Amino acid sequence: MQKAKGTYDVYGEYGRKVLALENILKDLMQVYNYEYFRTPIFESTELFHRGVGDTTDIVTKETYDFKDRGDRDMTLRPEGTAGIVRSYIENKYYGNPNVPSKIWYYGPMYRYERPQSGRFREFYQFGVEVFGSNDPLTDAEVISIPVNFYKMLGLKQIKVHINSLGDEESRNNYREALKAHFEPHLDTLCEDCKERFKKNPLRLLDCKVDKDLDVMKSVPKTIDYLNEESKKHFDKVCEYLTSMGIEYIVDPGCVRGLDYYTHTVFEVEASVEGFGAQNILCGGGRYNKLVGMIGGPETPGVGFALGMERLITALDFENISVVDEYSTDCYIIPMSDNEKAFSLSVCNALRMSGFKADMDYMSRNLKSNFKQSERLNSKYVIIIGEEEEKTNVLTIKDNKTKDEYKVELEDLVEFLDSKIDECDCCHGGECTCGDECHCGDECKCHSKEEK
RNA sequence: GCGUGGUUGGUGAAGUGGUUAACACGGCGGAUUGUGGUUCCGUUAUGCAAGGGUUCGAUCCCCUUACCGCGCCCCA
C-alpha cells in the first residue's frame, strides 16, 4: 500500500515543527482576539460553486467530488472561506452584536492538482475572516496578521504585494478597459492568454509567458479605474499599514484567482532565489459580495489564508528553527526484571510532577541503555537495582557532567526541580543572557522565560 | 491535464544481462552482567517500486501502472 498522490505523513521532526507553529498561531489569534471556527472537511458541491466561483480552475477541474450513499453531491473543501461563510450564515452569526466577527480557522484542504514543490493535494491552511465591517482598518489588520507572524518567526526574505480591484463598478470598468487594451493584440498572445481573455481577463496580468510583450508593459492599472470611494478605501489601507510599520509594494499585477474578491487584494511572497515556483506564502483580500452570494444578508468581509507547507519550506530555506532541541529530563534503567515495577512507579511519579521521564522497556543491557539515554538526549539517568529498591536511595547521574548524586526517593522531585528548568548552564549549556542563576554561572533559562 | 527526471536495506548509497547485491552509518548481540559513549568480533536486503514482456537467464533492456522530484496551468 502506498499513500495517495500529493499527500504526506507527518511524524518526527516535521511533526514537532507543525505542532510548534500551530501553537504560535493559536497564541497569536488569542492576542488578536479572534474566535476559532471549525467547519466540516466536506460540504455540498453547490456551496463551492457559489462561493469560490464556477468559472475558476479550482472549481472546474481541481475539486475532489463524490456522491455520498444518499446520492448527495459532496466536495472536499478546496479552501476555507466558503465553509466559514456558510457557517456564519447558517448559525446566524451576523446576529451576534459583537461586530465585526473576527474568525480564524485551520485545517486540511483538498485540490486535485499535479504535486510539485510547495503544492500538495492535501494541504493545511490557516486563515482568518472578518465579517461585518467595511472599514479599511480591518483590511489593514488582516494583512498585519501574516506579516507579523512571519516577522515573529524571523523570516526576512518576504515581500508584501497589495492592490485594489475596487468595488463592482470599478472592477467592471477595469475589465472592459483590459479587454479593449488586449483586443487588437490578441494574436500575439500565448494560447493560455487567449483562453484567459475569454474566461477571466484579470488573469492576463500574471502570465509568465507574455510578461515581456509591449502590450503587457502598457497594460492599464486597476488603480486608475477605481471610483472615488474605492480609491479612498485603498488609500486608507495603505495609510494604516504604514502606521503599523508594515512595508508593502503596490503591485498592479496582483490580482487574485478567486472570483469573490473586491477592493483590497494582497499576497505575501517568499522572494528568495531558488525557492521554487510556488512562492506565494499567503494571499487574501476583501470580498464584500460573498456573504450575500451564498444566501446571507449583504455583509462585508476580509480574510486571508496561508499554506503551512510553504511556510515550513520557507523556514527551512532561511534556516529558521521553531522547535527546541529534543530532550528528555530523566531516563530510568531497571537492572533486571525484578526492579521493573519499582522503576515504573518512580517514572510515573516524575511524570505526575511534570518531568519528561522515560524508561527502558526493552530489557536492554546497561551499555545499550546508556546509548538509549543518549538517543533521548536525557539530562539525568537513574539506575535502579536491588539495593536502590530496598533502601529507597537512588543514584541519579547527570548525563552531561557525569556527576552522581545520592537522593532519597521522597526528595527526588525536589532535587530535579532544583536542577532542571532553572538552569541549562548547569548541564553544560551556553548562556545568552547576562543573568546569573543559582549555580553562579550565566544562564539562558531566563531569556527563555521572557519569550 | 501537459512536459521532464527519478524509484536499490532502518539511512546514505555503489553496482552489473549470468552462480553469495559493494562500502559506510545505524541497529542488535558479544569481548566488558552496576556505569556507557573508544576499540575489536559477529550479525543485519531470498531481494533492487508493482505487474507484464524480450532472453537460456534480468535489479540492469522494453511496455504498463503506482509513487516521488522539478516545471507549465493554477494556487496557499
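Which residue in E4 does Glu43 stand opposite? Glu43 faces Thr75 there, and we'll come back to that spot after a few ground rules. This is a predicted model, in which local features need pLDDT of at least 70 and side-chain atom pairs count only at pLDDT 80 or more, while totals for chains, interfaces and linings use all residues. Residues are numbered from 1 along each chain as its sequence is written, and chains are lettered from A and ligands numbered from 1 in the order in which they are written.

Let's start with helix H1, residues 12-32 (helices, H or I of at least four residues, and strands, E of at least two, are DSSP runs numbered from the N terminus). H1 has 21 residues and reaches 31 Å from first C-alpha to last, close to the expected 30 Å (1.5 Å times one less than the number of residues). Right after H1 comes Asn33, with a positive phi near 65°.

Now back to E4, residues 73-76. Strand E2 (residues 42-44) runs antiparallel to E4, joined by 3 bridges (strands pair if DSSP finds at least two bridges between them). Strand E3 (residues 64-67) is also antiparallel to E4, with 4 bridges, and here Tyr64 stands opposite Leu76. E3 and E4 make a hairpin with 5 residues between them, and Asp71 in the turn has a positive phi of about 65°.

Next, look at the open sheet of 8 strands: its order is E1-E5-E6-E11-E10-E9-E7-E8, and the pairing is mixed. Strands E1 (35-36) and E8 (249-250) stand at the edges with a single partner strand each, so one side of each has no neighbour in the sheet. Further in, E9 (residues 262-270) and E10 (residues 280-286) run antiparallel with 6 bridges; Val268 has Cys282 in E10 as its bridge partner.

How is chain A divided? Its domain assignment gives domain 1 (12-167 + 227-317) and domain 2 (328-420), with bounds from an automatic or database assignment. The C-alpha centres of domain 1 and domain 2 lie 48 Å apart.

Finally, the RNA. Among the 59 residues around RNA strand B, the ones that come nearest are Ser117, Gly257, Ala277, Gly307 and Gly385 (near means a C-beta atom, placed from the backbone, within 6 Å). Helix H13 (residues 366-375) gives the largest share of that surface, 6 residues. By class, the surface near RNA strand B has 24 charged, 18 nonpolar and 17 polar residues; Ala, Val, Leu, Ile, Met, Phe, Trp, Tyr, Cys and Pro count as nonpolar, Asp, Glu, Lys and Arg as charged, and the others, Gly among them, as polar.
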